[in-house]
Every structure is written in structure tokens, then in C-alpha cells.
Amino acid sequence: MRRAIFPGSFDPITLGHVDIVNRALPLFDEIIIAIGVNADKKYMFSLDERINFIKENYKNEPKIKVTTYTGLTTDYCQKMNVDFILRGLRNPADFEFEKAIAQTNRKLSEIETVFLLTSATTAFISSSIVRDVYRHGGDISKFVPKSVLKK
Ligand code: ADP
């Protein structure tokens, strides 16, 4: 069975993440959306909220699982018996950053990182900008799935 993990903060999940996951679905038998928990990082949405936004969005998609993890992503992949890490690329800055992480992960393990280029319509979306718009009372409905708007 071909399984991938899509790691991230998902604070909150955006239509950019959804685009990557939806396009990766035909490539894998199972995609585990794994929320990385970093004790030093401050999040806008609680872990439960972030889990529920994702679960609600994919409630009719049996190939998607949602989990949380701490520590190294490669250790978590080994624990979950997953061979692929899925990541999205929006721009050259993402590429440079992701390249270093993927190459490090290759040194740490046999796990391959699979990159999908974001669609042009969602390339500009980032969780941090969505948080800024939300914090200042702006309309985030064009950037996030309906499950986030319900809050
Ligand atoms: P992290 O804290 O690891 O950056 P994010 O939740 O911000 O976690 O992102 C997780 C993954 O989703 C990363 O691979 C990131 O490049 C990708 N991603 C984020 N926003 C978009 C987008 N608009 N289009 C495509 N991929 C995206």
C-alpha cells in the first residue's frame, strides 16, 4: 500500500493545503495529514480546532487520516510505516527551504519527499496571511475550506 504523510502546522488548513491533498489523492492509497506539535510555537487555533477543521473537511474521504506528532518527521514516518512525505511548493522561497529539509530527511532515512506544485489559483495563500486577515476581522472565506468558516 502506497502511503504518504502530509506534515504541517495547518494553523489553519487553507485552500492551498486542500488543493495539494486533493491532487495527491490519486497518487496514494492513504494520506495521513499529520499536525506537527512544537511546544515552542504559538498557534492561533488550538490543536483540537485544527484537527476538527481537517476531519470535517475530509469526513467523506476514507483515504485521509488526521493525526498529530511531536519530534522528527522521519521518525514519525518510520513509526507509521510510511514511505513518502508530501509537500507543496508555491514559489522559489518554498523550494529552497523544502529542498534543504528533504535532503536532510534523505540523510536521516530512506523516505522520499514528493512535491506538488500549487495551482495558480491558490499559490498566494498562506496560513500566516489568513491569520492576519482573521485577526483584523477580515473575510477569510476565499482562502479556507468551509469547515474553518463554521467556527
Ligand atoms: P509548515 O509549518 O510546515 O510550513 P504549513 O501548514 O504552513 O506547515 O504547510 C504545510 C505544507 O503545505 C507545506 O509543504 C507548504 O509548502 C504547503 N502549503 C502551504 N500553503 C500552500 C499553498 N497555498 N499551496 C500549496 N502548498 C501549500
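This report describes the ligand site, the pocket around it and two backbone features of a predicted model.

## Basis of the model

Because the model is predicted, local features need pLDDT of at least 70 and side-chain atom pairs count only at pLDDT 80 or more, whereas totals for chains, interfaces and linings use all residues. Residues are numbered from 1 along each chain as its sequence is written, and side-chain values use heavy atoms, with hydrogens and water left out.

## Ligand shell and polar contacts

The ligand is surrounded by 17 residues, and those that come nearest are S9, F10, G88, T122 and I125; a residue is near a molecule if one of its heavy atoms lies within 4 Å of it. By class, this shell holds five nonpolar, seven polar and five charged residues, where Ala, Val, Leu, Ile, Met, Phe, Trp, Tyr, Cys and Pro count as nonpolar, Asp, Glu, Lys and Arg as charged, and the others, Gly among them, as polar.

Polar contacts to the ligand (pairs of N or O atoms within 3.5 Å) include one from the side chain of H17, where an N or O atom is 3.2 Å from a ligand oxygen. A ligand nitrogen lies 3.2 Å from a polar side-chain atom of R90, and a polar backbone atom of T122 is 2.9 Å from a nitrogen atom of the ligand. On its own the ligand has 550 Å² of accessible area, of which the protein covers 86% (Shrake-Rupley method, 1.4 Å probe).

## The largest pocket

The ligand sits in the largest pocket, in the sense that more than half of its atoms lie within 2 Å of the grid points. A pocket here is an open set of points on a 1 Å grid over the protein atoms alone, where a 1.4 Å probe fits, with protein on both sides within 12 Å along at least five of seven lines; lining residues have an atom within 4 Å of a point. The volume of the largest pocket is about 1,100 Å³, the space filled by probe spheres set on the points, which are joined across faces, edges and corners.

Its lining comprises 43 residues, with P7, G8, S9, R87 and E98 nearest the centre, and divides into 15 nonpolar, 20 polar and eight charged. The helix α4 gives the most to this lining, with eight residues (helices are DSSP runs of H or I, at least four residues, and strands runs of E, at least two, numbered from the N terminus).

## Backbone of the β1–α1 loop

F10 is placed in the loop between β1 and α1 and has a positive phi of about 50 degrees although it is not a glycine. P12 lies in the loop between β1 and α1, and a cis peptide bond with omega about 0 degrees joins D11 to P12.

Key: A polar contact is a pair of N or O atoms within 3.5 Å; within protein, one must be able to donate a hydrogen and the other to accept it, and residues adjacent in sequence count only if both atoms are side-chain atoms.
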